[in-house]
Amino acid sequence: MFRIPFLVALALIVTFGVGIISTVSALKATVGFGAIALGPWVALPDAQTENTDPYAKAHRARAGKLLYGGAEGLEFTAAMDSTGEKLSSGCSYDIIGTTPPARFWTLYTANASDQPAKTDPALPSAINAWTVLRKPDSTFVIHVSPAAQPGNWLAIRRIGPFKLVLTLLDTPTAGSSGLIDLAMPAIVKTGCPDA
Amino acid sequence: MRSIVFAILVGLVGAALLHIVIVLALPRFTGKDAYSRVLGLYEMDSFFSLNAEPGPTGLANDDPYLRVAVCGFSVDGGPARFVAKGAVPFWSLAIYDANSNEIFSMNDHTAVNGNLDLVMATPIQLVDLRKAPPENLAQSILVEMPDEEGYAVLRALAPMDSFEETARDFLAEASCEPFRR
């Protein structure tokens, strides 16, 4: 007697349940297509343009961030180290190498939801191209650790997973089609004192 | 039994349609997109400097070395002119339309003499400006605005604490005003 209403209800439950859950998880899992990945570093050079895909548009409308224009810069984020393991704030990492050509770069840490991580203002929670200490061949080693380190120290708090945000300002990287000679620094885990 | 499978299949087709509809329609009704947040500052036609802490609209200086100011503007009544000068090591400007699509971006190296002087205008206003170029727009960059409304994001670099004041002054003195002959 209630067969037809039951079947209609089932179809509607599947429609709205699967439809909404799949949309929310798709928007959480990805920030859109068209990303360029250089090792663990990922950037979306077209995310702010008209030509980007609908997922990226929906994502940026939900996040509401002020994105970088093409002539401004390109923001790379890394949620993993060079071996593909998730960055955890219980561990220490070394960022080794050099950046692609850019007039300036900044590096800071963000929490898992892409908000800048809050650290003690007395601690060095960000580093830029002018303040970093370099080797004679202009490469650098940055120690990312919750404990104080000699040399370049990027302080993090033990907040669980975190992300590294490297912004290249006024860089040809954004418009580069051949991404062959662009070398991003490697992220190497040096140890997990707690684990 | 067959009808249950059929109902689930119909449901899945509906789910796929709903997924597409939500993704395509989301930018129009989130209310959290960057343009809504800029409008939420209630500051039209002037640059509003953001703080390190997110304000009521959730906009903040995300990058610890970049100071950001935003300005919502409209070219409905006339062209909008953006002017800024100062000795910051780096500045950049991006113009977005109401859907947060980039229209134009530039930085101090692509500017004339390193100073910002930009006019956004509709195609018709541009024709007027080009027909009889006003004296004070001789150095300005003229850019066509496809929509009537949009927002500008001006960033100034403060790589060390000693540059903080310069960067703040640069943003505070930057103007974003309707252009009148």
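**Figure 1. Where chain A meets chain B.** In this predicted model, 42 residues of chain A are in contact with 45 residues of chain B. Several elements of chain A each supply at least two residues of the side that touches chain B: the helices α1 (3-29) and α2 (54-63), and the strands β5 (104-111), β6 (126-128) and β9 (162-169). Which of them gives the most? That is α1(A), with 11 residues. If you sort the residues on this side of chain A by character, you find 19 nonpolar, 15 polar and eight charged.

**Figure 2. A closer look at helix α1 of chain A.** Follow α1(A) from end to end: this helix has 27 residues and reaches 38 Å from its first C-alpha to its last. That is close to the 39 Å expected at 1.5 Å a residue. Now look for the buried residues of α1(A), which are Ala11(A), Thr15(A), Gly19(A), Thr23(A) and Leu27(A). What covers them? The cover includes α2 of chain A together with α1 (2-29) of chain B.

**Figure 3. Strand β7 of chain A and its two faces.** In a regular strand, side chains alternate between the two faces of the sheet. You can see such an alternation along β7 (residues 140-145) of chain A. Phe140(A), Ile142(A) and Val144(A) point to one face and are buried. Val141(A), His143(A) and Ser145(A) point to the other face and are not buried.

**Figure 4. The partners of strand β7 in chain A.** Strands of a sheet pair through backbone hydrogen bonds, either parallel or antiparallel. Here you can find both kinds: β7(A) pairs with β4 (residues 92-97) of chain A in the antiparallel sense over five bridges, and with β8 (residues 152-155) of chain A in the parallel sense over four bridges. To find your place, look for Gly97(A), which stands opposite Phe140(A) in β7(A). Likewise, Val144(A) stands opposite Leu154(A) in β8(A).

**Figure 5. An open sheet in chain B, with a helix across it.** Let's turn to the other chain. Five strands of chain B form an open sheet in the order β1-β2-β8-β4-β5, with antiparallel pairing. Its edge strands are β1 (48-49) and β5 (102-107), and each pairs on one side only. Within the sheet, nine bridges join β2 (residues 66-74) of chain B to β8 (residues 149-157) of chain B. One place to spot this pairing is Ala69(B), which stands opposite Leu154(B) in β8(B). Helix α4 (residues 164-173) of chain B lies across β1, β2, β4 (91-97) and β8 of that chain, running at about 155° to β8(B).

Key. Residues numbered from 1 in each chain as written. Chains lettered and ligands numbered in written order. Predicted model: local features only at pLDDT ≥ 70, side-chain atom pairs only at ≥ 80, totals over all residues. Pairing = 2+ DSSP bridges. Contact = placed C-beta atoms within 7 Å. Axes fitted to C-alpha atoms, helices over the stretch in contact; angles between N-to-C directions. Nonpolar A, V, L, I, M, F, W, Y, C, P; charged D, E, K, R; others polar. Expected span 1.5 Å × (residues − 1). Buried ≥ 20, exposed ≤ 12 C-beta atoms within 10 Å, placed from the backbone.
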